[in-house]
Amino acid sequence: MQKNKFSSMKRQGGASALTMLVMVLFFGSLLTLVIKLGPAYLDDITIQEALEGLEGTEGLSTMGPPQVRSLINKRLSVNNVRGFDAKQISVEKNGEFVVIKVDYEVRNNLFRNVDTVIHFKHEYEMKGK
């Protein structure tokens with residue numbers, strides 16, 4: 001009994017054109033989200049590191065809110081955070097502690113009239129040397 005070499009090809013099936021199209025659309029959409037939203041999260045991580053780096057700064061407890069805000073602006077400028085407004089940082093004195101609150105949102109356009117809004121909120125209580 002001899003088998004036709006094409007009969008085994010019928011049993012093997014690959015992805016159909018529709019399946020491939022759906023996969024390309026899904027992974028394309030996922031890549032678009034990563035490209036559009038990734039920089040906002042990276043900037044937020046940089047902002048967090050800059051604020052956490054203030055812990056133990058010489059004379060932080062004696063600085064006034066404008067001086068602390070200026071120090072934060074310098075750190076963000078060095079770290080190349082450009083789309084962030086320092087007015088979104090609230091600096092308060094609580095005895096020898098400095099309370100820093102950051103509350104902001106980032107808006108991005110995905111495509112046409114579809115936008116994303118990412119809201120970040122952080123609070124730090126720190127003491128200088």
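In the predicted model, Arg107 is exposed, with a relative accessibility of 60%. Arg107 takes part in a salt bridge with Glu105, in which the closest N and O atoms lie 2.9 Å apart. Glu105 is partly exposed, at 40% relative accessibility. The structure holds 1 salt bridge, and the Glu105–Arg107 pair is that bridge. In general, side chains of opposite charge can pair when their charged atoms come close.

Strand E2 spans residues 97–111 and strand E3 spans residues 114–126; the two run antiparallel and are joined by 13 bridges. Within this pairing, Val102 stands opposite His122 of E3. A hairpin is formed by E2 and E3, with 2 residues between the strands. Arg112 belongs to the turn of this hairpin and is placed in the loop between E2 and E3. The phi angle of Arg112 is positive, at about 45 degrees, although the residue is not a glycine. Most residues other than glycine have a negative phi. Arg112 is also exposed, its relative accessible area being 79%.

Strand E2 also pairs with strand E1 in the antiparallel sense, over 6 bridges. Ser90 has Lys101 in E2 as its bridge partner. E1 and E2 likewise form a hairpin with 2 residues between them. In the turn of the E1–E2 hairpin, Gly95 has a positive phi of about 70 degrees. Ahead of E1, which covers residues 89–94, Asn80 is placed in the loop between H3 and E1. The phi of Asn80 is near 60 degrees, a positive value in a residue other than glycine.

The loop between H2 and helix H3 (65–78) contains Thr57. With a relative accessibility of 15%, Thr57 counts as buried, because the limit for a buried residue is under 20%. The side chain of Thr57 reaches the backbone oxygen of Leu54 at 2.6 Å. When residues up to four places away in sequence are not counted, Thr57 touches Leu71, Arg75, Gly128 and Lys129.

Met63 also lies in the loop between H2 and H3. Met63 counts as buried, at 18% relative accessibility. Leaving aside neighbours within four places in sequence, the contacts of Met63 are Glu58, Val68, Leu71 and Lys93. Leu71 thus appears among the contacts of both Thr57 and Met63. Between Met63 and Lys121 the separation is 58 residues in sequence and 23 Å in space, taken from C-alpha to C-alpha.

Helix H2 comprises residues 17–52 and includes Met23. A nonpolar surface patch of about 590 Å² is made by Met20, Met23, Phe26, Phe27, Leu30 and Val34. Met23 is partly exposed, with a relative accessible area of 39%. Met23 therefore passes the accessibility cut-off for patch membership, which is over 30% relative accessible area.

Definitions and conventions:
Residues are numbered from 1 along each chain as its sequence is written. This is a predicted model: local features need pLDDT of at least 70, side-chain atom pairs count only at pLDDT 80 or more; totals for chains, interfaces and linings use all residues. Side-chain values use heavy atoms; hydrogens and water are left out. Patches are made of residues with over 30% relative accessible area and no salt bridge: like charges are joined within 9 Å, nonpolar side chains (Val, Leu, Ile, Met, Phe, Trp, Tyr) within 5 Å. Accessible areas come from the Shrake-Rupley method with a 1.4 Å probe; for residues, only the protein chains shown count as cover. A salt bridge is a side-chain nitrogen of Lys or Arg within 4 Å of a carboxyl oxygen of Asp or Glu. Helices (H or I, at least four residues) and strands (E, at least two) are DSSP runs, numbered from the N terminus. Buried means under 20% relative accessible area, exposed over 50%, partly exposed in between (1.4 Å probe, protein chains only). A polar contact is a pair of N or O atoms within 3.5 Å; within protein, one must be able to donate a hydrogen and the other to accept it, and residues adjacent in sequence count only if both atoms are side-chain atoms. Contact means heavy atoms within 4.5 Å. Two strands pair if DSSP finds at least two bridges between them.
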